[in-house]
Amino acid sequence: MRIRSNIPRTADVDCPNCGATHLKVALQVDEGGAYYKIDSTPCNQDGCHKRLCSTCSQFRCSDCLLTFCEEHLDVEYSGFKLCSVCARPRAEEYEEACA
Ligand SMILES: [Zn+2]
Ligand SMILES: [Zn+2]
Ligand SMILES: [Zn+2]
């Protein structure tokens, strides 16, 4: 985005992930320049730098209670959801118990 001197203080911004339009997003100014910051939560998956807005596909892990984008949802049953990190040791425990 090019920074203009007459840049408006708010703007309608589309979420880069889900495409939802956020109305009257406030202009933020810092060392990196001026930008419109959608109110969002970062995905907690290592290496995933997606910022999830309120309408992005996301879930809260029932174990670590962190928020992730839906692509890291590994286990889901009756409202219980596990991220890929929390699901892994449980799967190993299960395998050991059955061995
Ligand atoms: Zn979104
Ligand atoms: Zn988790
Ligand atoms: Zn993610």
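The largest nonpolar core of this predicted model has 10 residues. They are Ile38, Cys43, Leu52, Cys53, Cys56, Cys61, Phe68, Cys69, Leu82 and Cys83. Strand 5 (51–53), strand 7 (67–69) and strand 9 each supply at least two residues of this core. In soluble globular proteins, nonpolar side chains tend to be buried together.

Ile38 is one of the core residues. Apart from its neighbours within four places in sequence, Ile38 touches Val13, Cys15, His22, Val25 and Cys53, in the sense of being in contact with them. Of these partners, Cys53 is itself listed in the core.

Leu82 and Cys83 also belong to the core, and both lie in strand 9, which covers residues 80–83. What is strand 9 joined to, and in which direction do the two run? Its partner is strand 8 (residues 73–77); the two run antiparallel and are joined by 4 bridges. Within this pairing, Leu82 of strand 9 is the bridge partner of Val75. The two strands form a hairpin with 2 residues between them, and there Ser78 has a positive phi near 35 degrees.

Now consider the chain as a whole. It contains 9 strands and 1 helix. Where does the helix fall in the order of elements? Following the sequence, the pattern is β-β-β-β-β-β-β-β-β-α, with the helix at the end.

The chain has 99 residues, and 13% of them are buried. Contacts can also be sorted by separation along the sequence. Among those between residues at least 6 apart, 24% join residues at least 24 apart.

How values were computed:
Residues are numbered from 1 along each chain as its sequence is written. Chains are lettered from A and ligands numbered from 1 in the order in which they are written. This is a predicted model: local features need pLDDT of at least 70, side-chain atom pairs count only at pLDDT 80 or more; totals for chains, interfaces and linings use all residues. Two strands pair if DSSP finds at least two bridges between them. A residue is buried if 20 or more other C-beta atoms lie within 10 Å of its own, exposed if 12 or fewer, and partly exposed in between; C-beta atoms are placed from the backbone. Two residues are in contact if their C-beta atoms, placed from the backbone, lie within 7 Å. A nonpolar core is a set of buried Ala, Val, Leu, Ile, Met, Phe, Trp, Tyr and Cys residues joined through C-beta atoms within 7 Å.
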